[in-house]
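Take a moment with the sequence and the model below. Then follow the text from the outside inwards.

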Amino acid sequence: MHIDGLTTIVGVFGAPIMHTASPAMHNAAFEALGMNWVYLAFHVDPQHLRTALQGAREMGLVGLNLTVPHKILALDCLDEIDPEARKVGAVNTIVIEKDKTRGFNTDGSGFLKAVKEDFNLSIKGKRVLVLGAGGAGRGIAVKCALDGAAKVFVANRTLAKIEPIAREIASTKSEFQSLALTVDAIQKVIHEVDLVVNATSVGLKEGDSLGLGAELFSPRQHVYDTIYRPAETQLLQVAESAGAKVANGLSMLLHQGARAFEIWTKRKAPLAVMRRALRAAIYGDKS
Ligand code: NAP
């Protein structure tokens with residue numbers, strides 16, 4: 001990679017420890033399209049987000065991604081917020097123009113593309129159970145409701161965090177139900193559900209378990225885990241053993257990135273190149 005004074009820079013702000021495969025994905029895309037662009041990762045403390053954004057603008061960066069917790073903090077630091085990012089309550093993609101900064105959220109659309117690609121599933125008319133009400137859970141639940149899900153269930157350890165999601169979904173046509181993230185509560189509703197999504201961080205560590213047994217799942221169900229490392233969480237193993245169709249979060253990471261790429265560059269994202277770069281960065285695949 002050659003970087004000079006004419007190179008266009010986009011970046012990702014993350015804190016406090018950032019392990020992201022996004023630079024590999026975006027830089028492979030720029031190279032494949034022969035663009036003199038580079039994607040760089042910056043560690044930014046949350047209390048410095050506003051000044052770092054100002055610095056990015058002064059230095060001529062044209063765009064940014066944000067990781068947790070910047071995604072929520074950015075809502076107060078930008079000139080314009082896309083209506084969907086506002087509803088979802090988080091910004092993961094920023095466009096920096098001369099006179100203004102604009103925030104978008106591509107996680108929700110990335111998720112919908114992912115389940116379409118992995119399961120050939122359209123959310124319209126489906127019943128979806130989202131486990132988790134953090135940034136990812138909220139984005140997925142609200143996007144499913146906006147896309148016409150018949151019913152959205154959200155289960156979370158901290159019930160109060162479901163309230164803003166319930167408020168947002170109340171303005172859509174979807175039914176909504178909140179529940180505790182316990183086996184008892186989940187087993188009462190899971191048989192009604194077409195798609196189960198894990199958007200908690202349970203599964204990131206070896207041996208992590210949500211405690212859901214194979215008896216809760218059936219072959220007509222789809223189970224998506226937003227976690228992509230490890231490639232197969234305990235939830236996916238259990239659901240697969242019951243015959244459910246399963247997929248991990250790599251496809252969501254890919255499609256949120258592809259959408260961000262298109263917002264910054266106004267060019268079609270080279271998906272195959274980006275997927276290969278992600279797989280190499282995350283799993284060490286050489287194919
Ligand atoms: P976040 O805002 O910090 O939310 C974390 C969520 O996990 C909350 O619902 C939290 O519940 C729950 N949680 C954490 N520890 C738990 C435990 N021990 N037991 C039960 N629940 C627990 O983080 P986030 O950004 O939403 O990320 C959540 C997950 O989504 C992560 O695994 C992340 O890797 C994944 N993700 C994937 C993609 C992708 O592109 N594939 C994109 C974004 C995120 P409380 O509210 O009770 O704390």
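**A walk through the model**

Glutamate 58 sits in helix 2, which spans residues 49-58. Keep in mind that the model is predicted. Is glutamate 58 buried or exposed? Its relative accessible area is 61%, and exposed means over 50%, so glutamate 58 counts as exposed. Its side chain still has a partner. A polar contact of 2.8 Å links the side chain of glutamate 58 to that of glutamine 54. Now look across the model. Alanine 214 lies 54 Å from glutamate 58, C-alpha to C-alpha. Along the sequence, 156 residues separate glutamate 58 and alanine 214.

Turn next to helix 1, residues 22-32. Its buried residues are Ser22, Pro23, Met25, His26, Asn27, Ala29 and Phe30. What do they pack against? Three strands come into play: strand 1 (8-14), strand 2 (37-43) and strand 3 (63-66). Two helices do as well, namely helix 10 (250-265) and helix 11 (271-283). After helix 1 comes glycine 34. The phi angle of glycine 34 is positive, near 65°.

Strand 3 holds asparagine 65. With a relative accessible area of 5%, asparagine 65 falls under the 20% cut-off, so asparagine 65 is buried. Which side chain makes a polar contact with the side chain of asparagine 65? The partner is tyrosine 39, at 2.6 Å. Sequence neighbours within four places set aside, asparagine 65 also touches other residues. Among them are Gly11, Val12, Phe13, His26 and Asn92. Thr93, Ala260 and Trp264 are on the list of contacts of asparagine 65 too.

A short helix region follows in this tour. Lysine 71 belongs to helix 3, residues 70-73. Why does lysine 71 count as buried? Its relative accessibility is 19%, and buried means under 20%, so lysine 71 meets the cut-off. Beyond its neighbours within four places in sequence, lysine 71 contacts Leu66, Ala90, Val91, Asn92 and Asp107.

Lysine 71 also leads to the largest pocket. How much space lies in the largest pocket? The volume is about 1,500 Å³. The lining of the largest pocket has 42 residues. Nearest the centre are Val68, Lys71, Ala136, Ser201 and Leu204. Strand 1, strand 3, helix 6 (135-146) and helix 10 each give two or more residues to this lining. Helix 10 supplies the largest share, three residues. By type, the lining of the largest pocket has 19 nonpolar, 18 polar and five charged residues.

Now for the ligand. It has 22 residues around it. Which of them come nearest? They are Ala136, Asn156, Arg157, Thr158 and Thr226. Several distances to ligand oxygen atoms can be given. For alanine 136, a backbone N or O atom lies 2.8 Å from an oxygen atom of the ligand. For asparagine 156, a side-chain N or O atom is 2.7 Å from a ligand oxygen atom. For threonine 158, the corresponding side-chain distance is 2.5 Å.

One enclosed space remains. The count gives one cavity of 30 Å³ or more. About 50 Å³ of space lies in the largest cavity. Where is it? Its lining consists of Val202, Gly203, Asp208, Ser209, Leu210, Leu212, Thr233, Gln234 and Leu235. Four of these lining residues are nonpolar, four are polar and one is charged.

How values were computed
Residues are numbered from 1 along each chain as its sequence is written. This is a predicted model: local features need pLDDT of at least 70, side-chain atom pairs count only at pLDDT 80 or more; totals for chains, interfaces and linings use all residues. Side-chain values use heavy atoms; hydrogens and water are left out. On a 1 Å grid over the protein atoms alone, a cavity is a set of points where a 1.4 Å probe fits but cannot get out, and a pocket is an open set with protein on both sides within 12 Å along at least five of seven lines; lining residues have an atom within 4 Å of a point. Grid points are joined across faces, edges and corners, and a volume is the space filled by probe spheres set on the points. Ala, Val, Leu, Ile, Met, Phe, Trp, Tyr, Cys and Pro count as nonpolar, Asp, Glu, Lys and Arg as charged, and the others, Gly among them, as polar. Helices (H or I, at least four residues) and strands (E, at least two) are DSSP runs, numbered from the N terminus. Buried means under 20% relative accessible area, exposed over 50%, partly exposed in between (1.4 Å probe, protein chains only). Contact means heavy atoms within 4.5 Å. A residue is near a molecule or strand if one of its heavy atoms lies within 4 Å of it. A polar contact is a pair of N or O atoms within 3.5 Å; within protein, one must be able to donate a hydrogen and the other to accept it, and residues adjacent in sequence count only if both atoms are side-chain atoms.
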